[in-house]
Structures are given as structure tokens and as C-alpha cells.
Amino acid sequence: MRKLAILAITALMTLGLSGCLATTGGSSNEAKGTAIGTAGGAVLGGIIANNTGGNTALGMLIGGAVGGLIGNRIGAALDERERQELARLTERAARAKSNQTITTRVQPSPQKTAKTTASKSASPPPKPKPTELKVTPGEIYTKSDGQQCRNIKQVAVKDGKTYQDSATMCKSGSDWTAAAV
């Protein structure tokens with residue numbers, strides 16, 4: 001019961017901190033990615049620590065730090081739709097054959113067009129290109145506790161720039177879930 005109370009209190013503190021972070025300056029995608037990563041990592045870290053008999057609060061702190069860093073790196077570049085699609089592809093890659101790249105394109109969100117006083121002969125701005133997302137699962141490995149995991153390489157190409165990251169997925173029952181490393 002004590003561990004559950006610590007887990008709940010730390011989760012609320014982490015979500016509060018993440019909310020503050022999301023409303024501060026900087027790139028909104030970067031702040032959102034950091035906040036979401038921090039909150040998700042903290043909750044996942046706490047659950048893993050709680051289920052393995054470890055220090056729940058420490059697991060949440062470590063998970064929050066790792067999640068925040070990962071969320072910040074790729075979250076700075078991608079919008080919400082692109083992040084959701086990358087998460088969906090990453091889950092799909094966990095079940096795919098090793099080194100089999102899965103690719104998709106996400107069309108840009110419709111842009112709000114501002115009315116201008118420019119002449120009708122001015123050329124319209126170039127149409128944004130779709131964002132290309134690629135995920136490639138690595139080999140499945142077994143941790144010392146017997147749990148099967150795999151690293152998944154993530155690549156996003158947006159506006160001509162390439163962003164890379166990775167995620168670790170571990171098997172939990174019949175499902176693969178994100179793991180705090």
C-alpha cells in the first residue's frame with residue numbers, strides 16, 4: 001500500500017512538473033515532447049520498479065529523466081500527428097522481423113492562410129512536403145531477468161532535415177511495451 005501511495009504522489013508531482021514545463025518558453029513541440037516523455041517515463045519507471053521490488057520513487061525519477069530527454073530530442077521536430085504516427089509505427093516494429101524497416105509518410109497539417117494585401121501576381125508559398133517516418137527493429141535479446149526486449153531505430157525526415165532516435169520495447173505477456181532504459 002505504501003508503494004502505491006508513493007507511486008501516486010510521485011506521478012502527480014511529475015505530471016505537475018511536466019505541465020509547468022509544457023507552458024514555459026521554447027518550441028512548443030519541444031516542450032510538449034519533453035513533458036509527455038517525462039510523464040510517461042516517470043509512470044513507466046515507477047511501474048517497472050514497483051513490479052520488480054525496486055525503489056518506486058527512484059524508478060520514477062530515472063524514468064522521467066530518460067523519457068524527458070527522448071521526448072525532447074525528436075519531439076522538438078515533430079507535430080502531434082507525426083509523434084502519434086511514430087509511436088504507432090514503433091509499436092508495430094516491435095512485432096516485425098529484425099532489421100525490417102517500416103516506412104510511412106505523414107501529410108502536413110493544413111496551414112491557416114493569412115490574408116495579405118500582396119498583389120494577385122505574387123506566387124504562393126511552396127507546398128510543405130510530407131514527413132517521412134521510418135522505424136527499424138533490432139534483434140530480440142533477453143535481459144538477465146528473462147524479459148525479451150529489442151531496440152528500435154527511429155528516423156524522421158521533415159523539411160529536408162533528418163532526426164534520429166531509438167526506443168526500447170520489451171515483451172510484457174503477449175504485448176510489447178515501451179521500456180525505460
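These exercises walk through side-chain pairs, a disulfide and backbone features of a predicted model.

**Exercise 1. Salt bridges in total**

Task: State how many salt bridges the model has, and name the partners.

Solution.
Step 1. Recall the principle: side chains of opposite charge can pair when their charged atoms come close.
Step 2. Apply the cut-off: a side-chain nitrogen of Lys or Arg within 4 Å of a carboxyl oxygen of Asp or Glu.
Step 3. Read off the pairs. R83 meets E80 at 2.8 Å, N to O. E82 meets K158, with the closest N and O atoms 2.9 Å apart. R88 meets E85 at 2.5 Å, N to O.
Step 4. The count is three salt bridges.

**Exercise 2. R83 and E80**

Task: Find where R83 and E80 sit in helix α4, and decide whether R83 is buried or exposed.

Solution.
Step 1. Locate the pair. Helix α4 covers residues 80-94.
Step 2. Check the spacing. R83 and E80 are three residues apart in this helix, so about one helical turn separates them.
Step 3. Check exposure. R83 has 13% relative accessibility, so R83 counts as buried. E80 is partly exposed, at 35% relative accessible area.
Step 4. Look for a further contact of the R83 side chain. This side chain also reaches the backbone oxygen of L78, at 2.5 Å.
Result: the R83 side chain has a salt-bridge partner in E80 and a backbone contact at L78.

**Exercise 3. R88 and E85**

Task: Work out what separates R88 from E85 along helix α4, and classify the accessibility of each residue.

Solution.
Step 1. Place them. R88 and E85 both belong to helix α4.
Step 2. Check the spacing. They are three residues apart, which means a separation of about one helical turn.
Step 3. Classify each residue. R88 has a relative accessible area of 41% and is partly exposed. E85 has 17% relative accessibility and counts as buried.
Result: in this salt bridge, the Arg is partly exposed and the Glu is buried.

**Exercise 4. E82 and K158**

Task: Find which elements the salt bridge of E82 and K158 links.

Solution.
Step 1. Start from the contact. The closest N and O atoms of E82 and K158 are 2.9 Å apart.
Step 2. Assign the elements. E82 is in helix α4, and K158 is in strand β4, residues 148-158.
Step 3. Note the separation. The two residues are 76 residues apart, so the pair links distant parts of the chain.
Step 4. Check exposure, where buried means under 20% relative accessible area. E82 is at 2% and counts as buried. K158 is at 16% and counts as buried.
Result: a buried Glu pairs with a buried Lys.

**Exercise 5. The disulfide and its strands**

Task: Identify the cysteines of the disulfide, then trace the strands from there.

Solution.
Step 1. Count. The structure holds one disulfide.
Step 2. Name the partners. C149 is joined to C170, with an S to S distance of 2.0 Å.
Step 3. Place them. C149 is in strand β4 and C170 in strand β5, 21 residues apart, and the pair links distant parts of the chain.
Step 4. Describe the link. The angle about the S-S bond is 105°, and the link is right-handed.
Step 5. Check exposure. Both C149 and C170 are buried.
Step 6. Move across from C170. This cysteine stands opposite T177 in β6.
Step 7. Describe the strand pair. β5 and β6 (residues 175-178) run antiparallel and are joined by four bridges. They form a hairpin with two residues between them. In the turn, G173 has a positive phi of about 70°.

**Exercise 6. Positive phi outside glycine**

Task: Say where N99 and D159 lie, and whether each is buried or exposed.

Solution.
Step 1. Recall the background: most residues other than glycine have a negative phi.
Step 2. Take N99. Its phi is positive, about 65°, although N99 is not a glycine. N99 lies in the loop between α4 and β1 (102-106). Its relative accessible area is 54%, so N99 is exposed.
Step 3. Take D159. Its phi is about 55°, again positive in a residue that is not a glycine. D159 lies in the loop between β4 and β5 (161-172). At 58% relative accessibility, D159 counts as exposed.
Result: N99 is an exposed loop residue, and D159 is an exposed loop residue.

**Exercise 7. Aromatic rings**

Task: Find how many aromatic pairs the structure has, and which residue lies over the face of W176.

Solution.
Step 1. Search for ring pairs. The whole structure yields zero aromatic pairs.
Step 2. Look above the W176 ring. R150 lies over its face, at 5.9 Å from the ring centre.

Key
Residues are numbered from 1 along each chain as its sequence is written. This is a predicted model: local features need pLDDT of at least 70, side-chain atom pairs count only at pLDDT 80 or more; totals for chains, interfaces and linings use all residues. Side-chain values use heavy atoms; hydrogens and water are left out. Buried means under 20% relative accessible area, exposed over 50%, partly exposed in between (1.4 Å probe, protein chains only). A disulfide is a pair of cysteine sulfur atoms within 2.5 Å. Rings of Phe, Tyr and Trp (its six-membered ring) pair if their centres lie within 6.5 Å; planes under 30 degrees apart count as stacked, over 60 as edge-to-face and the rest as tilted. A charge sits over a ring if NZ of Lys or CZ of Arg is within 6 Å of the ring centre and within 35 degrees of the ring normal. Two strands pair if DSSP finds at least two bridges between them. A polar contact is a pair of N or O atoms within 3.5 Å; within protein, one must be able to donate a hydrogen and the other to accept it, and residues adjacent in sequence count only if both atoms are side-chain atoms.
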